[in-house]
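Here is a short set of exercises to work through with the model open beside you. Each one gives a task, then a solution in steps.

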Amino acid sequence: NRLIIPGRDLNNDLVFCINSETGELIWMGSYEAKAETAHGPGSRATPFINDDKVYTFGRSGDLVCWQLEDGKLLWRKNVKDEGGVEPSWGFSTTPLVYENMVIVQGGGKALVIAYDKLTGDVLWKSMEGEVGYAAAITTNIENENKLLIYHGTGLSCLNPFDGMVLWTVPWPTEYFVNATTPIVLNDFVFHTSGYGMGCEAIKVTKNG
């Protein structure tokens with residue numbers, strides 16, 4: 001019966017836990033997080049609920065694990081500490097929980113980062129470049145689970161267990177705004193962007 005809503009005020013990231021049946025506030029969490037970029041004060045990324053925990057990703061790069069029951073802050077990490085760079089519209093990628101990992105885009109020298117979902121320890125970092133704004137997704141290609149990352153200059157397929165890049169399809173949009181989550185159907189991946197780029201459907205294998 002818990003609904004998680006992200007928010008912000010001028011200097012803090014906020015998270016609200018609301019009773020989905022009554023609308024009553026169950027708990028509220030916050031931490032100071034000043035944004036480096038403008039383009040509106042609001043929160044960006046949709047929280048991810050996994051078992052008894054909630055993962056939020058703030059526009060300033062804070063990945064935070066909360067206890068779903070009472071809102072206790074269990075751990076907090078910032079992608080900038082791993083070489084991440086805040087994009088023009090703030091960090092926006094919804095965290096993805098997969099197996100024992102929680103995965104986000106950090107940009108800079110840590111385009112993709114996987115943290116241990118229980119401790120916040122970095123398990124692997126992969127790629128360098130401009131961060132995108134789309135949620136990471138997993139897909140099954142030739143009976144193997146893969147990770148799709150729609151970053152600022154294209155679409156990349158990674159091994160989710162170590163971050164190894166298997167292939168990349170270039171898609172360099174103006175201002176690096178790749179913001180929509182790709183759609184997968186069998187061995188086809190469809191993606192689309194604004195700024196005059198249009199859309200593309202690609203046929204994929206695990207190697208290319």
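A salt bridge here is a side-chain nitrogen of Lys or Arg within 4 Å of a carboxyl oxygen of Asp or Glu. Keep in mind that the model is a predicted one.

**Exercise 1. Salt bridges**

Task: Decide whether K125 and E82 satisfy the salt-bridge rule, and find which parts of the chain they link.

Solution:
- Step 1. The closest N and O atoms of K125 and E82 are 3.4 Å apart. The cut-off is 4 Å, and the pair counts as a salt bridge.
- Step 2. K125 sits in strand β11, while E82 belongs to the loop between β7 and β8 (96-98), so the link spans 43 residues of sequence.
- Step 3. For accessibility, partly exposed runs between 20% and 50%. K125 is partly exposed at 41%, and E82 is partly exposed at 25%.
- Step 4. Salt bridges with shared partners also join R59, K80 and E86 into one network.

Task: Do the same for D62 with R76, and say how buried or exposed each residue is.

Solution:
- Step 1. The closest N and O atoms of D62 and R76 are 3.0 Å apart, and the two form a salt bridge.
- Step 2. D62 lies in strand β6 and R76 in strand β7, 14 residues apart.
- Step 3. D62 has a relative accessible area of 5%, so this residue is buried. R76, at 38%, is partly exposed.

Task: Work out what the salt bridge between R2 and E69 ties together.

Solution:
- Step 1. The side chains of R2 and E69 meet at 3.7 Å, N to O.
- Step 2. R2 is in strand β1 and E69 in the loop between β6 (62-67) and β7 (73-78), so the pair ties together parts 67 residues apart in sequence.
- Step 3. R2 is partly exposed at 23%, whereas E69 is exposed at 55%.
- Step 4. The full count of salt bridges is ten.

**Exercise 2. Two open sheets**

Task: Give the strand order of each sheet and identify the edge strands.

Solution:
- Step 1. One open sheet has three strands in the order β1-β2-β3, with antiparallel pairing. Its edge strands are β1 and β3 (25-32), each pairing on one side only. The twist averages 15° from one strand to the next.
- Step 2. Within that sheet, β2 and β3 pair over seven bridges; I18 has L25 as its bridge partner in β3.
- Step 3. Another open sheet has four strands in the order β12-β13-β14-β15, again antiparallel. Here β12 and β15 (165-170) each have a single partner strand, so one side of each has no neighbour in the sheet. The twist averages 25° from one strand to the next.
- Step 4. β14 (residues 154-158) and β15 pair over five bridges, and the bridge partner of G154 in β15 is P170.

**Exercise 3. The cavity**

Task: Describe the lining of the largest cavity.

Solution:
- Step 1. The count is one cavity of 30 Å³ or more, and the largest cavity holds about 110 Å³ of space.
- Step 2. Its lining has 14 residues, and the closest to the centre are P6, L14, T56, F57 and G58.
- Step 3. β1, β2 and β5 each supply at least two lining residues; β2 gives the most, with three.
- Step 4. By class, seven lining residues are nonpolar, four polar and three charged.

Definitions and conventions. Residues are numbered from 1 along each chain as its sequence is written. This is a predicted model: local features need pLDDT of at least 70, side-chain atom pairs count only at pLDDT 80 or more; totals for chains, interfaces and linings use all residues. Side-chain values use heavy atoms; hydrogens and water are left out. On a 1 Å grid over the protein atoms alone, a cavity is a set of points where a 1.4 Å probe fits but cannot get out, and a pocket is an open set with protein on both sides within 12 Å along at least five of seven lines; lining residues have an atom within 4 Å of a point. Grid points are joined across faces, edges and corners, and a volume is the space filled by probe spheres set on the points. Ala, Val, Leu, Ile, Met, Phe, Trp, Tyr, Cys and Pro count as nonpolar, Asp, Glu, Lys and Arg as charged, and the others, Gly among them, as polar. Two strands pair if DSSP finds at least two bridges between them. Axes are lines fitted to C-alpha atoms, for helices over the stretch in contact, and angles run from 0 to 180 degrees between N-to-C directions. Buried means under 20% relative accessible area, exposed over 50%, partly exposed in between (1.4 Å probe, protein chains only).
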